[in-house]
Amino acid sequence: MKTIDFLNFSGKKALIRVDFNVPLDDKYSITDDNRIQGAMPTIEKILKDGGAVILISHLGRPKGGSEEKFSLKHLVDYLSLQLNRPIQFADDCIGKDAISKAKNLKNGEVLLLENLRFYKEEEKGDQAFAEKLAGLGDVYVNDAFGTAHRAHASTSVIAQFFPEAKYFGYLMAGELKNAEKILNHAQKPFTAIMGGAKVSDKIELIEKLLNKVDNLIIGGGMAYTFAKAQGGKIGKSLVEEDKLDLAKSLIEKAAKKNVKLILPVDSIIADAFSNDAKTEVSPNKSIKDSWMGLDIGPESIKAFTDVIADSKTILWNGPMGVFEMETFEKGTKAVAEAVVKATKNGAFSLIGGGDSAAAVAKFGFNDDVSYVSTGGGALLEYMEGKELPGVKAIND
Ligand code: AMP
């Protein structure tokens, strides 16, 4: 893998595609800096070599024009503290100001460019836009794993302008190495824990995992589609009616492949989707008519955590309930604690990005699991066996 270790960056201007798409509060303070921290070793190596750094990223989903709340200028003070030097900022990612600031950038200096997605051309993968960006640096580094599944101008198209000078950053390399470890070198027993809102988002991964895992735990909103498929009454719980047959066939496939499929037997049900709702413990297959399951119940917690405790490899993607509300966080927290404990006992644990990463961060366990991925969709697609455009562009 062609990582930045292949080059001494002294005297080079490195254009680094990072994923600084971090959550900001209403005062524009960063509330979770995992993705920025992930890119720090790459930036530091290049500066230490004696190179200059031009950072390019997107933030949020602007509608195709400049929007104050999605400006990357909100990250300048934070980055300056982290990198211990002033950060220059260009309020347009292409154009005269960016060109002149990039041109005058000296070794050891850092320039951050404004949000790439203020141009529609970014997501369209526009060649001319990619070429303009490419003109700003001598070397292209991709360290944006969270966006590697997108064939955008800055993540994929741009690489063709650096045929001999394109590299993976350390975050990208680390993400790929850890995903690979799970896919091809998992020690047994291997347990996958799947949760979150929808089965439909994760079908392909679940099917792929059935060939690899010993145990498949399914919790969260998606478990009710399985309960209904088995003839259960699920009240107003989340369900994907068009996926009932699929759920049945996944249950059959798991049995055929000798995979132990562990579904919740009970739930915390609520009379409303609210932190203050009335709650009860209910068997999963006989939920009261107008109530909904918003977390796994105590028996499910026990069954899930027992399996996790005996695992040597753990992949976790998706929360066990609506963990954002305190009333429904217990199941997700108990699973997180069990993963932490198994990790302490020698298991390798990989936490998929997105909401499972948010949950692990919420409970303060970031340093107690083996690896927290910065990619939600990107990790899922990589594990499904798809070639990520951001990875392909560097490998080609
Ligand atoms: P996903 O993006 O598919 O991983 O889904 C994550 C979201 O699923 C989180 O915001 C959770 O609040 C939500 N979720 C988890 N369990 C449930 C449930 N039982 N009912 C409704 N939403 C849920």
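In this predicted model, 16 residues surround the ligand, and those that come nearest are A197, K202, G293, E324 and D355. The shell is mixed in character, with 6 nonpolar, 5 polar and 5 charged residues. Backbone atoms contribute several polar contacts here. A backbone N or O atom of A197 lies 3.0 Å from an oxygen atom of the ligand, while a polar backbone atom of G221 is 3.1 Å from a nitrogen atom of the ligand. For G293, a backbone N or O atom is found 3.0 Å from a ligand nitrogen. The protein buries 81% of the 510 Å² that the ligand exposes when taken alone.

Turning to the aromatic side chains, a search of the whole structure yields 3 aromatic pairs. In one of them, Y119 and F129, the ring centres are 5.3 Å apart and the planes meet at 35°; this angle is neither under 30 degrees nor over 60, so the pair is classed as tilted. Y119 sits in the loop between β4 (110-113) and α4 (120-124), whereas F129 belongs to helix α5 (residues 127-134), so the pair ties together parts that are 10 residues apart in sequence. The two partners can also be told apart by their exposure: Y119 is partly exposed, with a relative accessible area of 24%, and F129 is buried, with a value of 3%.

Another pair is formed by Y140 and F162. Their ring centres are 5.9 Å apart with planes at 20°, so this pair is stacked. It links distant parts of the chain, as Y140 lies in strand β5 (residues 139-142) and F162 in the loop between β5 and β6 (166-168), 22 residues apart. Y140 is buried at 0% relative accessibility, and F162 is likewise buried at 4%.

Lysines are also found over aromatic faces. K2 lies over the face of Y167, 4.8 Å from the ring centre, and K288 takes up a position over the face of W291, at 4.2 Å from the ring centre.

Some individual residues deserve a look of their own. N178 is part of helix α6 (residues 170-184) and is buried, with a relative accessibility of 11%. Its side chain reaches the backbone oxygen of G174 at 2.9 Å. D214, by contrast, is a loop residue between α7 (203-209) and β8 (215-218), where a relative accessibility of 23% makes D214 partly exposed. From D214 to A336 the separation is 122 residues in sequence and 19 Å in space, C-alpha to C-alpha.

The backbone offers a few points of interest as well. Most residues other than glycine have a negative phi, and most peptide bonds are trans. Against this background, the peptide bond joining K188 and P189 is cis, with omega at about -5°; P189 is located in the loop between α6 and β7 (190-194). Y28, although not a glycine, has a positive phi of about 65°. Y28 occupies the loop between β1 (13-17) and α1 (34-49) and is partly exposed, at a relative accessible area of 29%. N258 is another residue other than glycine with a positive phi, near 60°. N258 is placed in the loop between α9 (244-256) and β10 (260-262), and its relative accessible area of 71% makes N258 exposed.

Conventions. Residues numbered from 1 in each chain as written. Predicted model: local features only at pLDDT ≥ 70, side-chain atom pairs only at ≥ 80, totals over all residues. Heavy atoms only, no water. Phe/Tyr/Trp six-rings, centres within 6.5 Å; stacked < 30°, edge-to-face > 60°. Helix = DSSP H or I, 4+ residues; strand = E, 2+ residues; numbered from the N terminus. Buried < 20%, exposed > 50% of the residue type's maximum accessible area, 1.4 Å probe, protein only. Lys NZ or Arg CZ within 6 Å of the ring centre and 35° of its normal. Near = heavy atom within 4 Å. Polar contact = N/O pair within 3.5 Å; in protein donor to acceptor, adjacent residues only side chain to side chain. Areas by Shrake-Rupley, 256 points an atom, 1.4 Å probe, with all protein chains shown as cover. Nonpolar A, V, L, I, M, F, W, Y, C, P; charged D, E, K, R; others polar.
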